[in-house]
Each structure stands twice: as structure tokens, then as C-alpha cells.
Amino acid sequence: MATNDYESGLKMMEELTTDAQQIQDQLLGEILSKNAETEYLQGFLHGQTDKQLFKKKVPIVTYEHLKPYIDRIANGEASSDILLVEPLTGFSLSSGTSGGLPKLVPTTAESAHKTATFNKLYRSVMIKHFGDINQAGKRMELMFAKPEVETPSGLKASAVSTRAFKGSSFKAILHKLYTSPFEIIFCPDTKQSMYCQILFGLIQRNEVIMIGSIFASTVVRSIKFLENNWKELCSNIKTGQISEWITDLGYRNAASLILKPNPELADLIEDVCSCKSWEGIIRKLWPKTKYIGTVCTGAMLQYTAELEFYCGGLPLVSGFYACSEGAIGINLGPLCKPSDVSYTFFPNMVYYEFLSIKEDCDTNSQNQVQLNVMSHHEDTRPVDLVNVKLGQCYEVLVTSSMGMISSNY
């Protein structure tokens, strides 16, 4: 990202947060106007687009309430105006970390544009605090693409990360900015993939300036995998031959391009890994690393103690808050501790509402608040983004251009 792009990103964040109410109202108006004639909204608003009428008439729902409409779209029902008007480009499959089972979320060209805008804002924050790491070295990011599923409609469903990995822009920068080649990311055998990604990261250890994955649990799992397999990895590096149990031809071909006999490197890694304590092992093996980039909040907070032990004082950066329904917020203070992370919500992404909850309220097995989703009593009426109160606990509701109408995710 050029300096002027980085500065324009920071300026955009300032403008967005200054005019939050106006931007939110405009966004909701656009969503309602565009989708006023859809079957779903017609059932509540009968073609009207007034904000207050929306709040009064359109119920707060969970994904399960929207699922029958989404399933009809995925099954190829002829009507194009079931839940949203804009043509779909596919479906996102959620990770299931917040709700147990993966959700099928419609995606559109507009949602892709919002994601690109969000990424620009996020990169601006990271450059401000860490410099442009794209100019400094490579990222050792543990990436595992999941298979796409073709729905009866002909549209494909895939994880958000998988769709990003398959994008032409990602492929263009992969070799220059990441330690893992394309073939390794897309093999369905996660054990072979993990082995090769760690192997390639060790070979390029002096170029690595950032280590991470989407979730903290994956980073912890990779270190434990290294702890169990470092002798074999060192043998591969020493001889320049990859282990025979790595049978995927894509992996073997990719390894042949980078894996050369290097006894000196193998001995160095062996000396580090054979130490009695693995405290600070990440910093010892990848000495130029600036930070660990991974989600450390929510369900992932439980892994931070282990990560802190392994990383030797490197910052654990939980940089953004996102879900399949949309990109939500960015951590403007990425150097803070995981327990102190807060996210700034950007009003141009989705329309937010916040439902006040009591700190001692009942929760279900996914730690989500049990809501009477059809209730519109005064004491459960949600408030807008600009009207939240400091110190109050809220459940986040989103209304997006992708058909997620007043959805509690």
C-alpha cells in the first residue's frame, strides 16, 4: 500500500466515525429501498421503507428464521426476489465458531466491494503500527482452504477464506508475500498441509516477519505439531528430501522448488527445538517476526496463555472483528493485550442495532444470549450504533445488503 493510500485509509476512518448516524441511516435506507419488493420485506413493510416502521414491524430473528428463504434460493427457486434483489455471486459458509453449525450466507458484488474497503482500512491501521510488512519480508500464515460446495442453484458455497485464496489478486501476491505456495493451501489432507506449511516456513525463516492464522487455536496447534515433528522436519531440510508419507503431488512438486540440502539450517533448528523449554520458541525460530496475527478474542481467548508462552513477548494482534454476515470492526490499538481488545465499528459496512442485556442473563451452549426474537417490548427494543451506553452489555444485531435482516448472529 502506497503512503497516500495508507493516509487516505486513516482519513476515511475519521470521516466514517464522525458521521456515523448519517451513514447508518443512509445505509439502512438503501437496503430497504433496494429490497422493498422482496417477498421477505413485503410480508412486514408492504413496500414501505421508513426506518421507524422497519424497527416496529420487522422482527429480530436468528439465522434459523432466515434459513428457509436462503435454502429456497440455494435450491434454485425461480423467483429472484425472495430475500434480496441484487444478483448473488455465491454463498459464504460460516466457520461455525459462534453458532455451532456452518451457516449459508448469500454473497453479492456489493458485499465483495465492502470487504475490499474494509481491508483497505485494516491495512492502514497495521501500517501505522508496524510499517508496511509487504515491503519487509514474508508472512508465515497457516492457511487451509476448504472444498467448495455447489448448490442446486448452480451457485457455489465456500468459506470466506477459501474464496479469498482463490481470488486472482491473492494468487498474484502469494509467492512474493507468503511462505506457503498455492498447492499447499488447497490440499484436503490437513496433516500433509500443516507439515509442508511449517517446513516451508522454517526454510524461509529469515524472511518471515509475521506469523499467524485466522484463529488462535490453529497457531497453537501448529506449534504443537512442530513440537512433535521437528526431528523429521530437520531431516528433510538436512537431506533436501521431503518425507515419503507426503504423497500429494502438488506438495512434492512445490517442495522440489525450494527444498535443497541445508545441513547448517537443520542443525540450527535442531539446537533451538531440542531445548528443555519451548518458551519463546516462535521468536527463536523466526527472529525477524514482528507480531502474531490471529483472532484472540471470544472463543479464542482461551488459547492466548499458550500463545504468549510460545511467542516470547511478541504482540498477539487480534486485528479485526468479522463474520460471514459482514466485516464489522477493526482494532485500532493492535498492540494491546488480547483481554483489552476493543473494536471500532464502521457504519458503512452493515446496519447495526444493539440489544441491551443483563450481565447475569441466561446463555445457551454457544454463549449466545437467549432472545425472544419476536419480542418488541419497550425494554428489549434495540438502540442504534450512536446510542449505545458505556459500560452496558449488548447483543449485536445486523441488517445487511445480503439479506441478513435484523439478524442476531
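Four strands make up an open sheet here, ordered E4-E7-E8-E9, with parallel pairing. Strand E4 (138–141) and E9 are the edge strands, each with a single partner, so one side of each has no neighbour in the sheet. Keep in mind that this is a predicted model. Below is a quick tour of the sheet, a helix that packs against part of it, and a second strand pairing.

**Inside the parallel sheet**
- Strand E7 (residues 208–215) pairs with E8 over four bridges, in the parallel sense.
- For a handy reference point, look at Met-210, whose bridge partner in E8 is Tyr-291.

**Helix H15 and its surroundings**
- Helix H15 spans residues 304–311, and its buried residues are Thr-304, Leu-307, Tyr-310 and Cys-311.
- Viewed down the axis of H15, these buried residues lie within an arc of 125 degrees, so they line one face of the helix.
- This fits a general pattern: an α-helix has 3.6 residues a turn, so residues three or four places apart point the same way.
- The packing partners of the buried H15 residues include two helices, H11 (216–239) and H14 (281–285).
- Strands E8 (291–295) and E9 (316–317) are also packed against by the buried residues of H15.
- Right after H15 comes Gly-312, with a positive phi near 65 degrees.

**The antiparallel pair E13 and E15**
- Strand E13 (residues 351–357) runs antiparallel to E15, and seven bridges join the two.
- Within this pairing, Glu-353 sits opposite Leu-397 of E15.
- Strand E15 (residues 393–399) has five of its seven residues buried, so the rest of the structure largely encloses it.

Terms used. Residues numbered from 1 in each chain as written. Predicted model: local features only at pLDDT ≥ 70, side-chain atom pairs only at ≥ 80, totals over all residues. Heavy atoms only, no water. Buried < 20%, exposed > 50% of the residue type's maximum accessible area, 1.4 Å probe, protein only. Arc of directions from axis to C-beta. Contact = heavy atoms within 4.5 Å. Pairing = 2+ DSSP bridges.
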